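Me: I would like a close look at one turn of this chain and at the parts around it. Please take your time and connect the details into one picture.

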Amino acid sequence: MKFTAEQIAGILEGEVVGNPNAEVSQLSKIEEGYEGSLTFLANPKYLNYIYTTKASVTIVNNTFVPDAPLTTTLIKVEDAYASFSKLLEFYNEVKLNKSGIEQPSFIAETAKYGTNLYLGSFSYIGQNVVLGNNVKIYPNCFLGDNVVLGDNVIIFAGAKIYSETIIGNNCTIHSGAIIGADGFGFAPNPDGTYTKIPQIGNVIIEDNVDIGSCTTIDRATMGSTIIRKGVKLDNQIQIAHNVEIGENTVIAAQTGVAGSTKIGKNGMIGGQVGISGHLTIGDNVRIQAQSGVGRNIKDDEILQGSPTFGYNDFSKSYVHFKNLPKIVAEIEELKKEILNQKNRNNG
């Protein structure tokens, strides 16, 4: 889809300097601009590229005054960075604005859906599924029986939503995510084998939640695994059965949360963090990457290490830890001196 500089300026409430009919259909970095692309200049360190970029249109701040000839058409705005971000949102909406039901796909007779549904090819919608308005389900997705999706939900290609899962409004589930698989529940037998414990609960995801690619959220053994509103989960995260994550908490990739742990609101958890089961983690907690959490955490704590302890204490201890061989050598030398002194005194 092509847009002219004049059309873009209208969206951004900006002023065109140059050719108002210059057309663009792609976005680019200013240093990698090419004919037909749109870019922006916000950081002064990239100023030199404005004179060499081949981008057809460049968004700049109102204060920008060139001191050499330009080949790119300018759109002057109050804040170039904010305007480009706004344009990215608009571009993404246009790009993702699909509708209609592609074939082959399957929708059970008992399923219900709202207006402006997009259902990609080879997708499956099970019995009694309820879909809100403006739902977009990309190809090769599976929605099991009794799944409920709110309005403006996007399920990207290849995601699997198991039965009984409830997802709120304005949520995004990325490719390969699996929501509602059985929790890891097995009872040991005297002969060393294991018997599977039925997992009869579900997963509830509230409004405005983002779930990254290949992240898995297990259904509860009984009751619900709950992801509260505003939570953002990165790629390749494991959330076990009966976990609850508080609103607006963000978790980075490759973190694992074991069963029945409750995480508070407004938390920030780094990548590759391991969190044991049946714990309570408070509000506003910060856990640094690669930490191991095996105890309850109070509100507002900042933690690092495995097992975790206070971030400031960890930083101070690490200074000594990395010097440990030297410290040990000094201790050994002191022990020798003390032993020699004793021998001299006894002699």
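Between which two strands is the loop in which Asn146 is found?

Reply: Asn146 lies in the loop that runs from strand E15 (142-143) to strand E16 (148-149), where strands are DSSP runs of E with at least two residues, numbered from the N terminus. This is a predicted model, in which local features need pLDDT of at least 70 and side-chain atom pairs count only at pLDDT 80 or more, whereas totals for chains, interfaces and linings use all residues. Residues are numbered from 1 along each chain as its sequence is written, and side-chain values use heavy atoms, with hydrogens and water left out.

The backbone of Asn146 deserves attention, since its phi is near 65°, a positive value in a residue other than glycine. Most residues other than glycine have a negative phi, and most peptide bonds are trans. Asn146 counts as partly exposed because its relative accessible area is 28%, the classes being buried under 20%, exposed over 50% and partly exposed in between, with a 1.4 Å probe and protein chains only. Asn208, in the loop between strand E24 (202-205) and strand E25 (210-211), likewise has a positive phi, of about 60°, and is partly exposed at 37%. The peptide bond from Gln103 to Pro104 is cis, with omega near 5°, and Pro104 belongs to the loop between strand E8 (100-101) and E9.

The two strands that flank Asn146 appear in two sheet listings. E15 is one of 10 strands in an open, parallel sheet with the order E9-E12-E15-E18-E21-E26-E29-E32-E35-E38, where two strands pair if DSSP finds at least two bridges between them. Strand E9 (106-107) and strand E38 (292-293) stand at its edges with a single partner strand each, so one side of each has no neighbour in the sheet. E9 is joined to strand E12 (residues 124-125) by 2 bridges, and Phe106 has Tyr124 as its bridge partner there. E16 is listed in an open parallel sheet of 9 strands, ordered E10-E13-E16-E19-E24-E27-E30-E33-E36, with strand E10 (112-113) and strand E36 (280-281) pairing on one side only.

Phe106 and Tyr124 also join Phe142 and Tyr162 in a nonpolar surface patch of about 340 Å². Such patches take residues with over 30% relative accessible area and no salt bridge, and link nonpolar side chains (Val, Leu, Ile, Met, Phe, Trp, Tyr) within 5 Å and like charges within 9 Å; a salt bridge is a Lys or Arg side-chain nitrogen within 4 Å of an Asp or Glu carboxyl oxygen. Tyr162, in the loop between strand E18 (160-161) and strand E19 (166-167), is partly exposed at 33% relative accessibility.

A further loop, between strand E29 (238-239) and strand E30 (244-245), holds Asn242, which counts as buried because its relative accessible area is 14%. The Asn242 side chain comes to 2.8 Å from the backbone oxygen of Met222, and a polar contact of 3.3 Å links it with the side chain of His241; polar contacts are N or O pairs within 3.5 Å, needing within protein a possible donor and acceptor, and for residues adjacent in sequence two side-chain atoms.

Notes
Accessible areas come from the Shrake-Rupley method with a 1.4 Å probe; for residues, only the protein chains shown count as cover. Helices (H or I, at least four residues) and strands (E, at least two) are DSSP runs, numbered from the N terminus.
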